[in-house]
Amino acid sequence: MPSPAAQARRVPVLLPMPFAGAFDYKAPADMRLRAGDIVSVPLGNRRQTGVVWDSQSALPPDLAQPAPNKTVADNRLRAVAERLDLPPLNAELRHFVDWVAAYTLSPPGMVLAMTLRLHMKGSAPAPATGWMVQSPAPTTLRMTPARQSVLALMADGTTRTTTDIASAAGVSAGVVKGLADAGALRPVLLEPARPFAQPDPLHHPPTLEGAQEDAAAALRQSVREKKFSVTLLEGVTGSGKTEIYLEAIAACLEQGQQALVLLPEIALSAQWMERFTRRFGVRPAVWHSEIGQKARRQTWLGAADGSVTVVVGARSALFLPFCNPGLIIVDEEHESLFKQEEGVIYNARDMAVVRGRLAGFPVVVVSATPSLETLANAQAGRYQRLVLPTRHGGASLPQTHLLDMRDAPPERGMFLSPKLVKDIAATLGREEQAMLFLNRRGYAPLTLCRTCGHRMECPHCTAWLVEHRNRQVLSCHYCDHTEPMPPVCPSCKTEHSLTAIGPGIERITEEARQLFPDARILVMSSDTLGGPAATAEAVAKIARREVDLIIGTQIVAKGWHFPHLTLVGIVDADLGLGGADLRAGERTIQLLHQVAGRAGRASAPGRVVLQSYTPEHPVMQALLSGDFDQFMEQEAEQRRPGFWPPYGRLAALIISADTPQAADEAAARFGRTAPYGEGIQVLGPAPAPLALLRGRHRRRLLLRTWRNIAVQPILHRWLGLVQLDRHMRVEVDIDPVSFL
Ligand code: ADP
Ligand code: ZN
């Protein structure tokens, strides 16, 4: 019998890598290790950072993963090399990581990787100098592209070191120094201990009115209860939802807890940051993929030691190691951007609710147009529902007009109906602002040869190439493929025969410049706005009335407050309705409602004009009547009988391979072994709408079950039955949002 001393103390260590589970290591005799400790371990001939994990899973049986690894004999165990000087991950977070991994059928290490996104090595940071952007910028500043990228990076107000700036903006340290010498960046002493000023809940409380007061009181109450609940805060655009959830944050701060706000697009949140700062006196900590290494480390440590009390972030902020979380807000909860479509495929809104439930704190989901999932939860009594029925300060909602394009067609080769053109002219004549919205970048979505009918397509994707006339290229919006516009048709070699079909935003801009030569036009799309700084500047310009006509893609739909904007023209209201998307109608209404909500936010009333070829479509009718609830009830009626979500569960299998034959073969193997039974149905296999994506051939299957049937155990069994060859891949997407 071996003596106790010879018996290795085993510890499971989870590595941030795609293995099926934790690996066992040996704890050296002089090292005290507990679950959650962050350690460095040997892996192959390298060192790897990992986390001492729990020996026993706390997951419910539905979610328990099949046991992964064979046990390694004691004498072959390798020893933990070092315990790192970092706060341990607490039990709640470890449980959350396991839960998300099990729910999404992802390797737990990949979920752990989302919580460990920082440089682990290095002791406590020494005091150092960082830079902050000087605002307003010196008027004499000479601009270069390199300087511009630095200023764009720094516009979020974060303090960064020279090294961080240089690497994040892709410039040399000299550029940073030049900007500092020119007075555009000012030095800040980085204090390692408390880099974060504390938001003050009493700094500048608002005066709330009627329904706002009630909603704020209800939210404060749920925060004080310090237990799990979910509240839907619903209200038309401009009703004060943001104002009110800031009160919930105030309550959370008052009781010494941490709050997290998830925004779908953090880069576009300049106005939001200002609002927060006005309310609490300081900026919140920010978390997204583009913050510098130093800010990342400080925010992570601050979340873990409690010195960071409010974080606003993109979906990845959900995996921060908060030590005392008291509230999560999910703003614009209906946004599909909360769904991460690569790596660990998860929905941050839903996982926020899970984190709240596991740790016992309230979650608030906010929207003017809540998703059917959330509405169904509210109706079933699982979520509390608070409604703000009217806009703040007596501003009225915009009036909506449906323009039947069959009655009032645009001139040949044009895309704006004469009626809309007249409306815009009148608006500009009154010195008010107008906006044209089209959710399509570039000049034209299709380039066609008039002689032979050849269509310019991406060689790697099932997609047309989009013309970008400004850059004189054709480009694929699904992969990186870009090619110069060919001088002759590649198929029949005819000259001057390639024709642009359909409008993109560049083409609408061209048309608008012809129609309104004197108007000051601003184009807002990811092609014209290089980054957060440029976007913030564009928004500021609009607020200063230096712009008459705004032309934009979905960037303009974000929560901007444009007080002088009174007319919104939707160039193609039918655009999102084609395709096989379960939520096409719901999505379209959410997006167009959001765009429409930019109009008439101050005293002058707003108008919205929808150009449509299908004005009888329920989506158009709902936008016209403004009866969102009724539309969603109809949606519910359509989804209920077939057990479509939220009345049933859905998981997608996306099978891909490098040849169409291999993709078909792999898909057929899944088809032959498909699960069956009462309340279980498999649809497909079928070619994915994007049957070719980045050179891979794709097939899809959908598993649909009754709501009371968990899909995870079914999927585990199914995946276990199918042998895939090398080069064949399967991706599991639980609760799919994209059907491409
Ligand atoms: P939502 O988030 O519902 O679109 P906001 O919270 O952005 O609405 O409010 C719309 C506008 O009205 C903002 O400019 C906001 O500052 C202002 N506002 C809303 N409620 C109040 C209030 N009680 N007092 C002062 N301003 C308010
Ligand atoms: Zn492509």
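Trainee: Where does Pro 563 lie?
Mentor: This is a predicted model. Take the elements around the residue. Two strands flank Pro 563, and the second spans 565-570. Pro 563 lies in the loop between β25 and β26.

Trainee: Is Pro 563 buried, partly exposed or exposed?
Mentor: Buried means under 20% relative accessible area, and exposed means over 50%. Pro 563 has 27% relative accessibility. That value makes Pro 563 partly exposed.

Trainee: What distance separates the C-alpha atoms of Pro 563 and Ser 603?
Mentor: Along the chain, Pro 563 and Ser 603 are 40 residues apart. In space, their C-alpha atoms are separated by 8.1 Å.

Trainee: Which residues does Ala 348 contact, leaving aside neighbours within four places in sequence?
Mentor: Start with its place: Ala 348 is in helix α10, residues 348-359. Its relative accessibility is 0%, so Ala 348 counts as buried. The C-alpha atoms of Ala 348 and Pro 264 are separated by 9.5 Å, though the two are 84 residues apart along the chain. With those neighbours left aside, the contacts of Ala 348 are Leu 262, Arg 315, Leu 318 and Phe 338.

Trainee: What covers the buried residues of α13?
Mentor: Helix α13 spans residues 505-515. Its buried residues include Ile 505, Arg 507, Ile 508 and Ala 512. The cover includes strands β18, β20, β23, β24 and β25.

Trainee: Which residues does Thr 509 touch, not counting those up to four places away in sequence?
Mentor: Thr 509 sits in helix α13. At 6% relative accessibility, Thr 509 counts as buried. Beyond those four places, Thr 509 touches Ile 521, Val 523 and Ile 551.

Trainee: How many salt bridges does a search of the whole structure find?
Mentor: One of them could be picked out by its side chains: Glu 234 and Arg 385 meet in a salt bridge. The search covers the whole structure. The total is 37.

Trainee: How many residues apart are Glu 234 and Arg 385?
Mentor: Their side chains meet at 2.8 Å, N to O. Glu 234 is in strand β8 and Arg 385 in strand β16, so check the burial too: at 6% relative accessibility, Glu 234 counts as buried. Arg 385 is partly exposed, at 32%. This pair links parts of the chain whose separation is 151 residues.

Trainee: Which elements hold Asp 664 and Arg 699?
Mentor: The side chains of Asp 664 and Arg 699 meet in a salt bridge, 2.6 Å from N to O. The pair ties together parts 35 residues apart in sequence, because Asp 664 lies in helix α18 and Arg 699 in strand β30. Asp 664 is partly exposed at 39%, whereas Arg 699 is buried at 8%. The elements are α18 and β30.

Trainee: Where is Asp 725, the partner of Arg 669?
Mentor: Asp 725 and Arg 669 form a salt bridge of 3.1 Å, N to O. Arg 669 is in helix α18, 56 residues from Asp 725. Asp 725 is in the loop between α19 and β31.

Trainee: Which residues are linked in a network of salt bridges?
Mentor: Look for two arginines and two glutamates. The linked residues are Arg 220, Glu 247, Glu 254 and Arg 279.

Trainee: Which residues form a positive surface patch?
Mentor: Take Arg 32, in the loop between β2 and β3. At 68% relative accessibility, Arg 32 counts as exposed. The patch is formed by Arg 9, Arg 32, Arg 34 and Arg 83.

Trainee: What is omega for the cis peptide bond that joins Pro 645 and Pro 646?
Mentor: Most peptide bonds are trans. This bond is cis. Pro 646 lies in the loop between α17 and β28. Omega is about 5 degrees.

Trainee: What is omega for the cis bond from Gly 684 to Pro 685?
Mentor: Pro 685 is found in strand β29, residues 680-693. Here omega is near 10 degrees.

Trainee: What is the phi of Lys 493?
Mentor: Most residues other than glycine have a negative phi. Lys 493 has a positive value. Lys 493 is in the loop between β22 and β23, and is exposed at 56%. Its phi is near 65 degrees.

Note on methods. Residues numbered from 1 in each chain as written. Chains lettered and ligands numbered in written order. Predicted model: local features only at pLDDT ≥ 70, side-chain atom pairs only at ≥ 80, totals over all residues. Heavy atoms only, no water. Patch = residues over 30% accessible without salt bridge, like charges linked within 9 Å, V, L, I, M, F, W, Y side chains within 5 Å. Areas by Shrake-Rupley, 256 points an atom, 1.4 Å probe, with all protein chains shown as cover. Salt bridge = Lys/Arg side-chain N within 4 Å of Asp/Glu carboxyl O. Lys, Arg positive; Asp, Glu negative; His and termini not counted. Charge placed at Lys NZ, Arg CZ, Asp CG, Glu CD. Helix = DSSP H or I, 4+ residues; strand = E, 2+ residues; numbered from the N terminus. Buried < 20%, exposed > 50% of the residue type's maximum accessible area, 1.4 Å probe, protein only. Contact = heavy atoms within 4.5 Å.
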